[in-house]
Amino acid sequence: MITQEQVDRVLRLSGNGLPCVSLYVPVLPEQPGRSTFMTRVASLLDGIRPLSSDSSLDHAARLSLREDIVKLEKSLAFEPHQPGAVAVFACSGKDVYEEVWLPRPTRERIVVDSDPYVRPMLAVLDEYDRACAVIVDRGTGQIWEHYLDQARELEAIRDRTLRKPDYAAGLAEDKVRNKADELSKRHFRKLIGELKQLFGRRAFDVLVVGGHSYEVPNFLQFLPRDLRDRLIGDFTVDRENATPADIRNRVQKIVSDHAHQEQRRLVGDILEAKAAGRPPSAVGLDETLWAASLAAVGTLAADEEAAAPGVVCDRDGLLARSGKSCPLCGDPLREVPDIIDALVETVIDDGGEIRHIEPETELRTQLTGALLRFELPPRPTATG
């Protein structure tokens, strides 16, 4: 499971004068197996082998690269467990090695630079919310991290409670109830304090609350505005009898429903912007490809099932559905089996956001849409 701590470690990585190797290898469901995966790994590593003997680099840099290549060959010598992509960041000279599994394929690439190349990793991970699930009752609270269909318990908080309503024989019933309520409030405030620290560190994107039907509303009353704004749902559960799988499934359903709602909202925003003319937007594959060719895409929405052949200009980056020569520079256009893959990677390279749209929306027929950084000039006509 990818944790926020691991992502933070990658973002802090630096060669401090030595080269850092960033490697991305897709693992496609239609092409499983170690031989296919390792062929791509070997080809990428062969591309940087000359650098390990390049005299323009100092001895320490060359030695670090050689050790990186050997370590990557050994570490990636096993068949990946599931489709997606493997991202590896290494600098042996500084004892740096981080391997991250990504839930979506990315373009295969290898980059050698002073800092790790993290933009493709962040673009993929940015599509998924990291959810904090809190299971509450009067005396206990469990905090779980839910991310990419996986869950892990972070901490459990236990506070003093009344053992039974008549624990204080001879006291008035209202005093007993008031004491129990005060202990419950104190517990809820402590639990909320922990949540504020977690969200303050940006460890989570959204909040889900579960517990007994009579406890959850009481707890929600104590939520401050900043946490209430992150709340995407609550559910009823008996903490003592529910299994971790039960809780995970309930939380995942809420997170998935929220993600689909946000995806529909984005598509609606794009369509409304297109109808109103402001802010600038693009609807349909042809218009979106032209926008990406100009690095104009701020947020790209692509239907999950979208796929289409197309052409790319390797000189100026033009993307189009068809054509023989580039209308911008005249160079021959290269055919690609799926132009939407090229579109996604281009937007990532230009610092844009990607959103794959899972529920059926108008993009099912339009394929793609986008919110743009600026108005587009007229699209040129492809030749050939």
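Which residue of β2 does Val-21 stand opposite? The partner is Ala-90, and the pair belongs to a set of 7 bridges that join β1 to strand β2 (residues 84-91), the two running antiparallel. Here, as throughout, helices (H or I, at least four residues) and strands (E, at least two) are DSSP runs numbered from the N terminus, and two strands are said to pair if DSSP finds at least two bridges between them.

The model is predicted, so that local features need pLDDT of at least 70 and side-chain atom pairs count only at pLDDT 80 or more, whereas totals for chains, interfaces and linings use all residues. Residues are numbered from 1 along each chain as its sequence is written, and side-chain values use heavy atoms, with hydrogens and water left out.

The chain as a whole contains 11 helices and 16 strands, and its C-alpha atoms fill a box of roughly 95 × 60 × 35 Å along the principal axes. Of its 384 residues, 46% count as buried, where buried means under 20% relative accessible area, exposed means over 50%, and partly exposed lies in between (1.4 Å probe, protein chains only). With contact meaning heavy atoms within 4.5 Å, residues 24 or more positions apart account for 68% of the contacts in the chain that have a separation of 6 or more. The accessible surface comes to about 19400 Å², of which 47% belongs to carbon and sulfur atoms, the areas being obtained by the Shrake-Rupley method with a 1.4 Å probe.

Strand β1 (residues 20-27) is mostly covered, with 8 of its 8 residues buried. The cover extends to both faces, since Cys-20, Ser-22, Tyr-24 and Pro-26 on one side and Val-21, Leu-23, Val-25 and Val-27 on the other are all buried. Besides its pairing with β2, β1 pairs in the antiparallel sense with strand β4 (residues 109-113) over 5 bridges, and in β4 the bridge partner of Cys-20 is Asp-113.

Further along the chain, 5 strands form an open sheet in the order β7-β6-β5-β8-β9, with mixed pairing. The edges are taken by β7 (150-158) and β9 (231-236), each of which has a single partner strand, so one side of each is left without a neighbour in the sheet. Neighbouring strands of this sheet are turned by 20° against each other on average, direction ignored; the axes behind such angles are lines fitted to C-alpha atoms, for helices over the stretch in contact, and angles run from 0 to 180 degrees between N-to-C directions. Helix α8 packs on the sheet, touching β5 (131-136), β6 (140-147), β7, β8 and β9, and its direction makes about 145° with that of β9.

Within this sheet, β5 is mostly covered, as 6 of its 6 residues are buried: Ala-131, Ala-133 and Ile-135 point one way and Cys-132, Val-134 and Val-136 the other. With β6, β5 pairs in the antiparallel sense over 6 bridges, Ala-131 standing opposite His-146, and the two strands form a hairpin with 3 residues between them. With β8, by contrast, β5 pairs in the parallel sense over 6 bridges, and Val-136 stands opposite Gly-211. Strand β8 (residues 206-211) in turn pairs with β9 in the parallel sense over 5 bridges, where Val-209 stands opposite Asp-234.

The loop between α7 (225-228) and β9 holds Arg-230, which counts as partly exposed because its relative accessibility is 32%. Leaving aside neighbours within four places in sequence, Arg-230 is in contact with Phe-199, Phe-204, Asp-205, Val-206 and Leu-207.

A further open sheet consists of 4 strands in the order β10-β16-β11-β15, again with mixed pairing. Its edge strands are β10 (281-283) and β15 (353-357), each of which pairs on one side only, and the twist averages 15° from one strand to the next. Strand β10 pairs with β16 (residues 368-372) in the antiparallel sense over 3 bridges, and Val-283 stands opposite Gly-369 in β16. Helix α8 (residues 244-276) packs on this sheet too, touching β10, β11 (297-303), β15 and β16, with its direction at about 105° to that of β10.
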